[in-house]
Amino acid sequence: METVTINHTGYHIKRGKIRGITPLTAMEKMFEIELPGGDALDHDPGQFVEVSLFGVGEAPISICSSPTRRDNFELTVRAAGRLTEALHQLQVGDEVGIRGPFGVGFPIVPLEGNDILLIAGGLGIAPLRSLINFVIDNRRDFGKVDILLGCRDPQSMLFCEELAYWEERIDINFCCSVDRAAPDWAGNIGVITSLIPGVTLDPLKTFSVVCGPPVMYRFVVDELLQKGIPEKQIYLSLERHMKCGLGKCGHCQIHDVYCCQDGPVFSYDVVKQIKGAI
Amino acid sequence: MNQTLLPKTRLDDFIRFLSARQKVIAPVSLGNNQYKFDEVSSLDEISLHYIPTILPPKKYYMPQHETLLKYDVSKGQEMEAVVEVEELVLFGVHTCDLAGIQCLNMVFSDRPKDLHYLIRKNYLTLIGLECNDYCDSYANCAMLRNHLPKGGHDLFFTELADCYYVHVNTHRGDELVEKSGLFDEMNTQAEGELAELRTRKKERFKSEVAIRYQDIPRLFDETFESPVWEDVGNRCLACGNCTNVCPTCYCFDVMDEPDLDLTKGRRIRVWDSCQHEVFAKVAGGESFREERKDRKRHRFNRKFKYPVDRYRRIFCTGCGRCSRTCMAKIDLKETINALMEERE
Amino acid sequence: MGRPKVAFFDLSCCEGCQLQVANLGEDLLDVLELIDLVEFREVMSEKWEGRYDLAIVEGSVVNDESEQRVRQIRDRCNVLIAYGSCATIGGVNGMKNRRPIEESQAAVYGDKTDWFPATKTRTVDQVVKVDYYIHGCPIYPPEFIKVLKAALAGLSYPVPDFAVCVECKFNENVCMYDKGVTCLGPITRAGCNSWCINAGNVCYGCRGMVSNPNRNGAEDVLRRYDLNPELIANKMMMYNAAKESTDE
């Protein structure tokens, strides 16, 4: 057996340097990462990267920063597995391996000139933040913007400062709700779907992008369809375990679709053809 | 493409000629009517009349454990991408397994290309061997038209009375014929014998299931919710035997193998199976094919439906390995028949 | 920071797993570069009074004395590895749980039963928290090294939760059932590289069962091969009785 070195393979990692770590909650931290030579990641909102630490492994993480902001990019990481727990142990200046960006992100072109309704549940706000900030940075390209956010409780809310800023802006309608809270909580209590009827919208002019845990999709989609938004104008980001990112390993496959290459973002008229996808 | 003849008396010389140049891999007997592809150096080690080996030759194209990267974390995340290669001649590969390799070739040359696979493949020479008769009742090669050669080989041997009819398919194959100096000119008698054999095969190999090739994907589409899957799921032990022995199952896991110093190591890929419960689990703990019936249905669809949408080809080769190896005796032909009955 | 202090302990067992470690050969020298071995009865006589970074415990808990001992070990260590079937699933010691404890005691000690107080067999994790598991009777040396590396790096080691058949197929063995021999591979969790079958033996289920076996399906299979499910259940009890009797 002979070993041949190759210069170009899908498994090559770029050496990313951690430039900032922001604790968000007890479970989540945000990492700012710089690529060699200060290169831009060149991603679309909604895409993901494979983050790796040699000796530990690799995991798919969605990019939470907008490509319009700086050259570095940001990842929100929940300590939920072998790799993500190891990431939480790292310090500023440490290196991580980066592959990607992978997949098809949120649809920018169809959204332009239209009203948009962005809905996030739990950690789903992380990938959606990349789109929200992209929209804010190109605010005049879009019509009315509504953002709905649901989380378990106020303690698990991510990006609190930014949420406050979105709430303040007069050109964005921001509304959030928690499943449960202490009596002193002044905001909404209830599941995310309870916020949808309150949104005033022109259904044919509205595109909705939904991002959250798998259980949320069916209920949210039902509400959106009831509002009269066409199936083609509802986009979902599907969570699967993208292992190789290259459309080969089979882990993220739903029927004939590879989430890592064909997704993770799909329009509902496509998703509903894929039995068992949501 | 041209044809030539190898007298049977010279086959051993040919094997020895090959093995003097590089390792030769061929089917060898393990007893109990079971076989495996293994290294040989002469004809007497080879089982020329064999039923499909336990593992298909995919183990040489994408080994069970394969190094992708070598890493060193003593100075950050340093790495070097590698391919482990070895020049091999695979001799005696049946048409079902040639078809399996063609399927893998399609998957790994689809973009983004998998260079680890494609580079290794270049080191391998394929010599096919025709099945003159059925191997056993598990095979379903005729329904998929894989009982006849459809390319994918460098040389292809068909056994006649006194000699092998040899199709030369590539430059690499031609070179072996030329350099060995063991082959004879084609003659009309051999041409006649081959035609006769093929006629005989036409009679012998009839589609094992009463369905037309082009109608198969639709069958699986229409029976997605069939109770047949319930039954199959109740029997399945989820051992993963069917995927490991399948010539076209290529799912894998990627993991790191650190050396004892914990600074150097290798990133490897290992065969994985969609039949295991954890296969489609995400970090949040949710599994998307939790039930055995979901996983079994997924596997059948990954042979007969999904690859047709993506690669315009059915990924079942008809080798019968999954039925042969299944502890629960979930039989591929029976399952297809049950689905067809269900639909009526 | 010095090398981690590592100690090996044995409760009720045959100490065969220690022997596997002692027999690691060249790998053992590499392991010793990495750790500071402070206690290991089978290879050294020194004792250590301080705290252990890593305690590696073999054997099951079969009496009050061994319970106290394993609790003390847990209190003195940061990370605990249970290794060998006796420690992880009860192993052959578990067989005594299949009948009343008095019966077993009487059979072994006769009229001297009072001299040897005993309890039902318990696995280490039925008494104290276990951080890593290395199953097997005996342990499979390459897996021991794998787990040791994970423990030293502070990473989890998930025991494979699929059947031994997977690794057995990787190794292209002729299936024991095709040879007409019963084998527990289809319901036993992998990680041993089908060690026994590679060597011509059958699988005895020493690593414990996969977490979600298809019991009905397995019984079907046994019927198909004309095997008595009770016979298989008995075979499985050879190593797994301690877990069965307390898991209910």
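How many bridges join strand E6 of chain B to strand E7 (residues 124–129) of chain B? In this predicted model, the count is five, and the two strands run parallel. One pair of partners helps to place the register: Leu88(B) of E6(B) has Leu124(B) of E7(B) as its bridge partner. E6(B), which covers residues 88–93, also pairs with strand E2 (residues 23–31) of chain B, again in the parallel sense, this time over three bridges. Here Ile25(B) stands opposite Leu90(B) in E6(B). Because six of the six residues of E6(B) are buried, the strand is largely enclosed by the rest of the structure.

Chain C offers a view of the overall fold. Its secondary structure comprises ten helices and five strands. With a radius of gyration of 19 Å, close to the 18 Å that the globule rule gives for 248 residues, chain C is as compact as a globular protein of that length. Along the principal axes, the C-alpha atoms of chain C fill a box of roughly 60 × 50 × 25 Å. Of the 248 residues in chain C, 42% are buried. Among contacts in chain C with a separation of 6 or more, 75% come from residues 24 or more positions apart.

Within this chain, helix H6 (residues 141–153) is worth a closer look. H6(C) has 13 residues and spans 18 Å from its first C-alpha to its last, close to the 18 Å expected at 1.5 Å a residue. The buried residues of H6(C) are Glu143(C), Phe144(C), Val147(C), Leu148(C), Lys149(C), Ala150(C), Ala151(C) and Leu152(C). Within chain C, these buried residues pack against helices H1 (16–22) and H2 (26–34), as well as strands E3 (52–58), E4 (77–83) and E5 (132–134). Their packing also involves chain B, through strand E10 (252–258). Just after the helix, Gly154(C) adopts a positive phi of about 70°.

Turning to chain A, the chain is divided into domain 1 (14–102) and domain 2 (115–237). The centres of these two domains, taken over C-alpha atoms, are separated by 24 Å. Where the domains meet, 15 residues from domain 1 of chain A and 14 residues from domain 2 of chain A take part in the contact. On the side of domain 1 of chain A that touches domain 2 of chain A, the residues divide into five nonpolar, seven polar and three charged.

Terms used: Residues numbered from 1 in each chain as written. Chains lettered and ligands numbered in written order. Predicted model: local features only at pLDDT ≥ 70, side-chain atom pairs only at ≥ 80, totals over all residues. Helix = DSSP H or I, 4+ residues; strand = E, 2+ residues; numbered from the N terminus. Expected span 1.5 Å × (residues − 1). Buried ≥ 20, exposed ≤ 12 C-beta atoms within 10 Å, placed from the backbone. Contact = placed C-beta atoms within 7 Å. Pairing = 2+ DSSP bridges. Rg over C-alpha atoms; globule rule 2.2 N^0.38 Å. Domains from an automatic or database assignment. Nonpolar A, V, L, I, M, F, W, Y, C, P; charged D, E, K, R; others polar.
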